[in-house]
Amino acid sequence: MRRTSFEDLECPIARSLEHVGEWWSILIMRDAFDGFTRFDEFERSLAIAPNMLTRRLKSLVDAGLLERRRYRDRPPRYEYVLTEAGRALRPVVVALYAWGNQDLAPGDRSLVLVDRATGREVEPVLVDRATGTPLSDLDLGFTAGPAATEPFRDRLADAAAARGRDAAGAS
């Protein structure tokens, strides 16, 4: 079964999902952030079928998130290293970590984020760069950007109308 491609959609969220929307991709990237680079390391960590891992690694290389580098000539062996674009995905993975742990008591967490230099636990929070305000404290919404097409603007207008309808019903 062929999946739908989001590559040509205007929404940056949809375009991002084109590259990392399949759950194995995010888990492979998590492992790459942890330092795994070799096929057998990913395979062992994820307990993933080799054919699926091959497809996902190729997809991440094609997306420019990982680079495939030969580390042995005979027999040829490759490693997969993070690119600059791949490293830029780290905050997304950390945000998923934080969201997944948010309702757990400290003693119930199986994974803790730490600063490797100090060992200090880190509690990530997304903030607005200009003000430092946590995003969770803001009333956020999407609006059309300068390059938005008319159909995309219409979709955003429909969303605004739905919010207005929901707000009126809640009063």
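Let's start inside helix α2. Its buried residues are Trp-24, Ser-25, Ile-26, Ile-28, Met-29, Asp-31, Ala-32 and Phe-33. That is 8 of the 11 residues in a helix running from 23 to 33, so α2 is mostly covered. One caution before I go on. This is a predicted model.

Take Ala-32 as an example from that helix. Its relative accessible area is 8%, so Ala-32 is buried. What does Ala-32 touch, leaving aside neighbours within four places in sequence? Phe-42, Leu-66 and Leu-82. Now look back along the chain to Cys-11. Ala-32 and Cys-11 are 21 residues apart in sequence, and their C-alpha atoms are 27 Å apart in space.

Stay in α2 for one more pair. Arg-30 and Asp-31 join their side chains in a salt bridge, 3.0 Å from N to O. The two partners differ in exposure. Asp-31 has 1% relative accessibility, so Asp-31 is buried. Arg-30 has 30%, so Arg-30 counts as partly exposed. After the helix comes Gly-35, with a positive phi near 110°.

Let me step back to the whole protein. There are 7 helices and 2 strands. Reading from the N terminus, the order is α-α-α-α-β-β-α-α-α. The radius of gyration is 20 Å, while the globule rule gives 16 Å for 171 residues, so the protein is more spread out than a compact globule. Along the principal axes, the C-alpha trace spans about 70 × 40 × 30 Å.

What share of the 171 residues counts as buried? The figure is 20%. The exposed surface comes to about 12,600 Å², and carbon and sulfur atoms supply 55% of that area. On contacts, consider pairs at least 6 apart in sequence. Of those, 35% join residues at least 24 apart.

Next, the strands. Glu-79 sits in β2, residues 77-82. This one deserves a look in the viewer. Is Glu-79 buried or exposed? Glu-79 is buried, and it has no salt bridge. The nearest side chain of opposite charge is Arg-38, at 4.3 Å. A salt bridge here requires a nitrogen within 4 Å of a carboxyl oxygen, so that pair does not qualify.

Which side chain makes a polar contact with the side chain of Glu-79? Thr-37 does, at 3.5 Å. Beyond neighbours within four places in sequence, Glu-79 is in contact with Thr-37, Arg-38, Glu-67, Arg-68, Arg-69 and Tyr-71.

Two of those contacts pair up with each other. Glu-67 and Arg-69 form a salt bridge, with the closest N and O atoms 3.4 Å apart. Arg-69 has a relative accessible area of 38%, so Arg-69 is partly exposed. Glu-67 is at 35%, and Glu-67 is also partly exposed.

Move along to Arg-70 and Asp-73. Their side chains meet in a salt bridge too, 3.4 Å from N to O. Asp-73 has a relative accessible area of 53%, so Asp-73 is exposed. Arg-70 is at 45%, which makes Arg-70 partly exposed. In total, the count for the model is 6 salt bridges.

Now the backbone. Where is there a cis peptide bond? Between Arg-74 and Pro-75, with omega about -15°. Pro-75 lies in the loop between β1, residues 66-72, and β2.

A second backbone point is Ala-47. Its phi is positive, near 50°, and this is a residue other than glycine. Ala-47 belongs to the loop between α3, residues 39-46, and α4. The relative accessible area of Ala-47 is 67%, so Ala-47 is exposed.

Last stop, helix α4, residues 50-62. Met-52 is found there. At 23% relative accessibility, Met-52 counts as partly exposed. Met-52 and Arg-38 are 14 residues apart along the chain, and their C-alpha atoms are separated by 15 Å. Arg-38 is the residue we met beside Glu-79, as the nearest side chain of opposite charge.

To close, three places to open in the viewer. Start with α2, where 8 of 11 residues are buried. Then go to Glu-79, buried with no salt bridge. Finish at the cis bond between Arg-74 and Pro-75.

Definitions and conventions: Residues numbered from 1 in each chain as written. Predicted model: local features only at pLDDT ≥ 70, side-chain atom pairs only at ≥ 80, totals over all residues. Heavy atoms only, no water. Helix = DSSP H or I, 4+ residues; strand = E, 2+ residues; numbered from the N terminus. Buried < 20%, exposed > 50% of the residue type's maximum accessible area, 1.4 Å probe, protein only. Lys, Arg positive; Asp, Glu negative; His and termini not counted. Polar contact = N/O pair within 3.5 Å; in protein donor to acceptor, adjacent residues only side chain to side chain. Contact = heavy atoms within 4.5 Å. Rg over C-alpha atoms; globule rule 2.2 N^0.38 Å. Areas by Shrake-Rupley, 256 points an atom, 1.4 Å probe, with all protein chains shown as cover.
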